[in-house]
Number of protein chains: 4
Amino acid sequence: MMVSPLKTAVVGATGYAGFELTRLLLKHPRISPPLLFSRQNDDDDDPMQELAAAYPEISGNGSYPLRPFSWEALAREGIELLFLATPHEVSRAWVPEALQRGVRVIDLSGAWRLRNKLHRAVYGFADADSGIVSGIAESAIYGLPELHREQIASAQVVANPGCYATSIITALAPLVSSAVVDVQRGIVCDSKSGVSGAGKRPTAQTHFVEVADNLSAYSVFGHRHTGEMLEQLQLQDDQLWFSPHLLPIPRGILSTIYVHLKKPMTEQDIEDILRGFYSNSPWVRIFGTRLPQIRHSLHTNYCDVGFNVANDGQRLVIVSCLDNLMKGAAGQAVQNMNVMWGWNECEGLN
Amino acid sequence: MMVSPLKTAVVGATGYAGFELTRLLLKHPRISPPLLFSRQNDDDDDPMQELAAAYPEISGNGSYPLRPFSWEALAREGIELLFLATPHEVSRAWVPEALQRGVRVIDLSGAWRLRNKLHRAVYGFADADSGIVSGIAESAIYGLPELHREQIASAQVVANPGCYATSIITALAPLVSSAVVDVQRGIVCDSKSGVSGAGKRPTAQTHFVEVADNLSAYSVFGHRHTGEMLEQLQLQDDQLWFSPHLLPIPRGILSTIYVHLKKPMTEQDIEDILRGFYSNSPWVRIFGTRLPQIRHSLHTNYCDVGFNVANDGQRLVIVSCLDNLMKGAAGQAVQNMNVMWGWNECEGLN
Amino acid sequence: MMVSPLKTAVVGATGYAGFELTRLLLKHPRISPPLLFSRQNDDDDDPMQELAAAYPEISGNGSYPLRPFSWEALAREGIELLFLATPHEVSRAWVPEALQRGVRVIDLSGAWRLRNKLHRAVYGFADADSGIVSGIAESAIYGLPELHREQIASAQVVANPGCYATSIITALAPLVSSAVVDVQRGIVCDSKSGVSGAGKRPTAQTHFVEVADNLSAYSVFGHRHTGEMLEQLQLQDDQLWFSPHLLPIPRGILSTIYVHLKKPMTEQDIEDILRGFYSNSPWVRIFGTRLPQIRHSLHTNYCDVGFNVANDGQRLVIVSCLDNLMKGAAGQAVQNMNVMWGWNECEGLN
Amino acid sequence: MMVSPLKTAVVGATGYAGFELTRLLLKHPRISPPLLFSRQNDDDDDPMQELAAAYPEISGNGSYPLRPFSWEALAREGIELLFLATPHEVSRAWVPEALQRGVRVIDLSGAWRLRNKLHRAVYGFADADSGIVSGIAESAIYGLPELHREQIASAQVVANPGCYATSIITALAPLVSSAVVDVQRGIVCDSKSGVSGAGKRPTAQTHFVEVADNLSAYSVFGHRHTGEMLEQLQLQDDQLWFSPHLLPIPRGILSTIYVHLKKPMTEQDIEDILRGFYSNSPWVRIFGTRLPQIRHSLHTNYCDVGFNVANDGQRLVIVSCLDNLMKGAAGQAVQNMNVMWGWNECEGLN
């Protein structure tokens with residue numbers, strides 16, 4: 001029996017994550033070429049353009065027009081799944097209408113990731129969690145398939161996780177949930193990210209001369225992804241320290257995570273917990289005591305996890321790596337789509 | 001006899017070249033700490049600030065306030081030499097008044113480098129070369145001390161050369177002026193520059209993710225520095241090809257230059273011409289047939305020149321390197337100041 | 001009718017080109033997983049190992065054992081096509097036996113690329129072009145499908161081109177063969193390459209600290225790839241200048257090529273010649289007057305070509321970019337395999 | 001009264017730290033140009049050479065011959081201070097003889113930094129701490145002037161600290177010594193270093209292609225510098241976690257340090273402790289709550305320290321930066337020389 005391919009659309013295909021997503025969708029075997037929307041009323045007067053104008057790397061294989069977004073166009077084309085690679089304010093404003101129109105959404109922004117209003121406050125949403133919005137916030141599913149596979153399968157709105165959060169939650173969830181971690185002593189998460197995580201808009205912070213030959217810490221004790229980590233790992237605010245750093249590389253994240261164990265454990269104990277937890281998760285690779293490096297997972301959808309245990313058996317360092325545009329954004333969005341439509345989780349990602 | 005130190009001022013100390021210049025001037029043994037001016041009516045409401053706010057690297061050794069520019073402040077402080085590290089339109093507008101007030105100027109922009117009106121056209125000056133401006137344009141001296149040492153010594157306005165132009169003119173002047181080059185066959189200049197040459201303002205072109213892991217050619221047949229090269233080397237438009245490229249490094253220029261010789265020459269012949277021409281020039285190093293690399297001259301005021309001759313003795317490749325912020329901008333400005341005041345050319349540059 | 005998949009083997013899978021090739025072959029839809037051979041008597045005592053030990057990035061999807069090379073193993077497994085990603089001396093020594101055994105070969109080294117004994121001299125082969133070797137040298141086909149598609153289809157030995165040579169020949173062949181270039185005035189080829197082109201063995205030249213923040217020219221007038229360019233473009237020694245440079249990036253080549261035209265031509269003329277020549281070549285993209293950059297073709301098999309014409313209509317600058325490990329090595333080898341077996345040229349390369 | 005300049009010698013001037021040291025010594029106003037020794041019986045047959053052959057960047061200002069080391073040459077030239085930029089085994093073997101001959105030593109290796117035999121074990125010295133060696137080990141002074149200024153002044157052997165150790169001890173010493181840190185809860189030190197810290201010898205780990213676009217953790221729970229930190233901060237083994245990482249930059253270290261405070265403190269409290277501790281230390285800059293970045297201290301002898309306090313007032317993150325070749329090696333060695341001879345600590349370092 002022929003199954004007709006899924007119809008999808010992407011808003012924000014010219015950003016780094018949106019472009020990566022578009023490339024993945026164009027190669028996915030079970031969907032039609034996605035419709036590419038720019039947001040209406042963009043800065044330039046003639047928002048309609050060709051994606052290859054912004055990204056010559058995809059030229060040579062056909063045309064990829066960007067059209068101004070409208071709900072009418074969406075309806076006319078029969079779009080069933082909408083990917084939002086948009087600022088969180090836009091995602092916040094658009095998702096209610098998408099749901100009303102019966103379109104499922106995978107949102108790559110931070111708009112719908114948080115349940116706790118205090119955590120949400122860092123985004124300063126203008127809607128002040130009004131009725132309908134509150135309902136969506138409650139029903140949106142946090143799109144980490146390794147944790148929420150079943151709920152994602154039937155979700156209307158999937159909140160695709162933050163890149164830092166993915167690297168840290170993936171590393172910690174097996175250990176925290178198996179109750180071997182002494183969370184009272186605090187978990188330190190020291191993360192380092194490539195520059196594409198900061199977005200495509202040119203700023204003083206992303207100027208080549210400021211980033212090259214440099215490393216800088218930022219948003220210590222105040223990064224927006226912290227709330228996701230706390231909620232997903234069910235930790236208290238003062239139990240997790242998160243310090244992000246800006247690396248002089250285009251893409252990739254490495255998180256070094258420091259954990260006290262409640263009682264002495266062997267390396268085999270730790271490896272067993274990790275392997276057990278992810279036995280059905282094709283996109284997490286357990287490296288054991290050989291530590292993963294950023295380049296191992298670049299341009300893949302893997303999150304790689306390795307670790308070392310101190311001689312005392314009670315101090316554990318976990319290293320977790322991923323590509324912030326793949327498992328940290330676009331790859332994970334495709335993985336979520338696969339789960340939502342009941343396809344193999346690896347479809348279109350190899 | 002005590003000589004009182006020279007009083008100088010810098011406009012534009014927060015740009016890359018202006019900051020490098022400020023650091024050099026602060027260590028120069030014969031001058032007072034320079035006055036640092038920001039341009040009036042800058043974007044932010046309170047233009048007065050501390051240089052260390054923009055460049056924490058100079059903190060810890062005192063205070064370097066930036067004040068809004070005014071001619072009155074300049075007069076009150078008795079400034080004798082004004083460095084302009086400003087956009088060329090600003091330099092164009094301000095130099096006439098500086099001269100009227102008897103202040104000598106070293107201008108780091110392209111405003112006063114060109115004699116030929118056709119070459120000047122690329123800058124599109126609004127003044128349309130009015131009377132006084134024309135006079136200044138004629139009397140301004142091109143600030144390459146290796147070529148114009150004597151005229152610089154008595155100049156009122158020194159037009160500090162472009163970074164690319166310095167690397168190419170330094171390599172070619174000895175050979176072109178000794179008439180061994182077959183200029184009719186064309187001279188190819190393929191230059192590669194670090195990103196600081198593009199300035200500090202964040203743009204799509206200087207975003208880390210666009211520059212890293214990349215190389216791009218730009219402004220082929222149309223770069224503004226071409227006029228300087230043609231005028232200083234006395235070449236016709238079609239005798240010199242200049243193609244700049246943007247390197248994924250913060251600073252440094254390497255120019256690879258391809259020259260046909262009129263008749264076969266040995267490597268020793270070439271080396272003799274180069275060494276003879278620069279025998280009294282401490283800031284040009286002749287590497288002979290060992291080719292210089294960008295890192296050899298980084299953070300120095302040297303222009304390094306090496307070369308290879310083909311077996312046929314008639315084809316010559318010259319490689320020239322310099323630090324675009326030093327010999328290509330701020331270092332050369334200090335060298336020019338040294339020449340203007342009759343000091344040793346190396347003063348304050350080691 | 002089921003066609004049984006092609007059986008291939010790779011020698012040298014742990015080098016940069018060999019590993020890239022292995023990854024491509026593992027995903028190719030028409031072949032069996034390739035046998036991976038290390039060369040016998042390698043330095044370490046136990047040469048048998050797992051490819052993932054050297055390249056953790058491919059772990060997680062099965063096992064890729066490396067076995068010591070033997071002709072017996074090759075025969076036992078029924079290998080029909082042997083890829084040699086080996087030093088040129090090894091390729092030189094092994095190809096005669098492969099041919100005797102009826103195995104076709106794609107050789108990624110420089111061993112079989114040159115017809116002219118003078119050009120070949122730079123490799124200093126010990127065999128001194130003995131009888132059988134001479135025969136192979138004459139019959140080996142230069143593996144640039146865009147030039148020699150038909151001969152490759154029936155070749156026993158395909159000499160996969162050098163990375164620099166591919167970038168320069170692809171740019172120049174259409175223009176030189178259409179006789180619009182004034183070759184007497186000389187063609188200047190200024191190429192810049194990422195470090196993977198220098199191979200995986202650690203040397204002083206590939207140490208991170210020597211390469212980073214740097215650019216260096218090397219082998220000016222003496223690079224081994226020059227012979228390939230001269231032979232394929234049918235130029236005299238003194239008609240082509242080739243200067244390679246080492247870029248501080250892992251991969252990618254950009255060549256800037258300077259050409260005198262015999263008579264004035266328009267941009268459209270040039271574009272027509274390029275598009276006409278490559279109308280049936282899916283792996284060459286003509287960018288027109290928008291110049292390609294290195295990152296546009298990274299991780300693809302494209303060679304991108306763009307150009308600018310001077311106002312005089314007689315001076316042409318061509319910019320050509322490719323990924324040295326893809327179109328410059330492994331991708332081109334797969335493209336050659338596709339041609340040899342009559343498959344679509346793009347098979348396994350998208 | 002004229003003071004005759006100090007006579008010094010450097011062994012190991014061709015390594016990264018040794019070369020940086022040589023450049024500093026050549027500009028130091030109170031010493032003669034240092035004698036440069038290579039170690040005898042080096043790999044190459046003719047060890048005598050010119051430093052500019054290895055480092056063309058210092059050419060153009062005179063000759064810097066490297067001579068084979070001998071005690072006789074040292075005595076003949078009247079050397080009073082010997083800098084050893086040598087492997088720790090060499091430093092271990094040579095220092096006893098230097099002391100016997102009355103020559104003071106600043107050793108840049110790890111040979112004499114540790115008092116605790118268990119910590120020393122990681123170096124695996126062949127001498128097994130024999131009598132004379134034990135005595136030296138006890139009397140050698142750890143060369144962090146900010147902690148041991150007085151003892152360094154009269155020391156015969158100064159053990160120049162490790163680069164990582166300097167960054168971490170400088171950040172922690174004020175807080176640990178003022179007893180505000182809850183050391184029982186563990187101190188996490190996550191450090192990131194440029195590649196020059198790994199030395200000049202080419203290895204698989206320092207190959208450009210392995211380092212670029214990458215980040216990797218290494219020697220977690222097992223790095224040699226850990227012993228220095230524990231001894232200088234008087235901590236127990238399990239109270240300090242140290243994880244170094246290799247950054248894709250040539251030089252610079254950033255350490256992010258996580259500390260639990262015994263009771264809530266304000267940012268002002270922390271700043272007061274840091275400023276008080278370093279009030280007489282010109283080479284430590286306290287940034288307050290603005291975090292230092294690696295580029296701020298590059299090419300300087302500063303160690304920069306900034307910090308952030310969590311809202312709960314009990315969790316403190318300190319960020320410490322330095323140039324591993326300057327404050328982390330050669331600059332600190334010159335600072336130690338200044339202290340040993342009673343000169344201003346900044347002499348020759350600005």
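Biologist: Between which two elements of chain B does B:Asp213 lie?
Modeller: In this predicted model, B:Asp213 sits in a loop of chain B. That loop runs between two elements, helix H9 (208-211) and strand S10 (216-217).

Biologist: Is B:Asp213 buried or exposed?
Modeller: A residue is buried if 20 or more other C-beta atoms lie within 10 Å of its own. B:Asp213 has 22 C-beta neighbours inside 10 Å, and therefore it counts as buried.

Biologist: What is the approximate phi of B:Asp213?
Modeller: B:Asp213 is a residue other than glycine, and its phi is positive. The value of phi for B:Asp213 is near 60°.

Biologist: Where does B:Ser219 lie, and what is its phi?
Modeller: B:Ser219 is in the loop between S10 and helix H10 (226-233) of chain B. Its phi is again a positive value in a residue other than glycine. For B:Ser219, phi is near 50°.

Biologist: Which exposure class does B:Ser219 have?
Modeller: Residues with 12 or fewer such neighbours are exposed, those with 20 or more are buried, and those in between are partly exposed. B:Ser219 has 14 other C-beta atoms within 10 Å, so its class is partly exposed.

Biologist: Which strands stand at the edges of the sheet in chain B?
Modeller: Eight strands of chain B form an open, mixed sheet in the order S3-S4-S2-S1-S5-S6-S8-S7. Two of these strands have a single partner strand each, so one side of each is left without a neighbour in the sheet. They are strand S3 (49-50) and strand S7 (141-142) of chain B.

Biologist: Which residue in S4(B) stands opposite B:Glu50?
Modeller: S3(B) pairs with strand S4 (residues 65-68) of chain B in the antiparallel sense, over two bridges. Opposite B:Glu50, in S4(B), stands B:Pro65.

Biologist: Which residue of S6(D) stands opposite D:Leu81?
Modeller: Chain D has an open sheet of eight strands with mixed pairing, in the order S3-S4-S2-S1-S5-S6-S8-S7. Within chain D, strand S5 (residues 81-84) and strand S6 (residues 104-107) run parallel and are joined by four bridges. The residue opposite D:Leu81 in S6(D) is D:Arg104.

Biologist: What angle does the direction of helix H13 of chain D make with that of S6(D)?
Modeller: Helix H13 (residues 326-340) of chain D packs on the sheet. The helix touches S5, S6 and strand S8 (157-159) of chain D. Its direction and that of S6(D) make an angle of about 155°.

Biologist: How compact is chain A in comparison with a globular protein of its length?
Modeller: Chain A has 13 helices and 15 strands. Its radius of gyration is 20 Å, and the globule rule gives 20 Å for 350 residues; chain A is therefore as compact as a globular protein of that length. The C-alpha trace of chain A spans, along its principal axes, about 65 × 50 × 45 Å.

Biologist: What share of the contacts in chain A join residues at least 24 apart?
Modeller: Buried residues account for 55% of the 350 residues in chain A. Among contacts in chain A between residues at least 6 apart in sequence, the share joining residues at least 24 apart is 70%.

Biologist: Which helix gives the most to the side of domain 1 of chain A that touches domain 2 of chain A?
Modeller: The domain assignment divides chain A into domain 1 (8-161 + 329-340) and domain 2 (163-324). Their contact takes 19 residues from domain 1 and 21 residues from domain 2 of chain A. Helix H7 (145-153) and helix H13 (326-340) of chain A each supply at least two residues of the domain 1 side. The largest contribution, four residues, comes from H13(A).

Biologist: How do the residues of chain A that touch chain D divide by character?
Modeller: In this interface, 32 residues of chain A are in contact with 32 residues of chain D. Among the elements that each supply at least two residues on the chain A side are strand S9 (187-193) and strand S15 (315-322). The division is 17 nonpolar, seven polar and eight charged.

Biologist: Which helix supplies the largest share of the side of chain A that touches chain B?
Modeller: Here 14 residues of chain A are in contact with 14 residues of chain B. The chain A side divides into nine nonpolar, four polar and one charged. Its largest share, three residues, comes from helix H9 (residues 208-211) of chain A.

Methods: Residues are numbered from 1 along each chain as its sequence is written. Chains are lettered from A and ligands numbered from 1 in the order in which they are written. This is a predicted model: local features need pLDDT of at least 70, side-chain atom pairs count only at pLDDT 80 or more; totals for chains, interfaces and linings use all residues. Domain bounds come from an automatic or database domain assignment. Two residues are in contact if their C-beta atoms, placed from the backbone, lie within 7 Å. The radius of gyration is taken over C-alpha atoms; the globule rule is 2.2 Å times the number of residues to the power 0.38. Ala, Val, Leu, Ile, Met, Phe, Trp, Tyr, Cys and Pro count as nonpolar, Asp, Glu, Lys and Arg as charged, and the others, Gly among them, as polar. Two strands pair if DSSP finds at least two bridges between them. Axes are lines fitted to C-alpha atoms, for helices over the stretch in contact, and angles run from 0 to 180 degrees between N-to-C directions.
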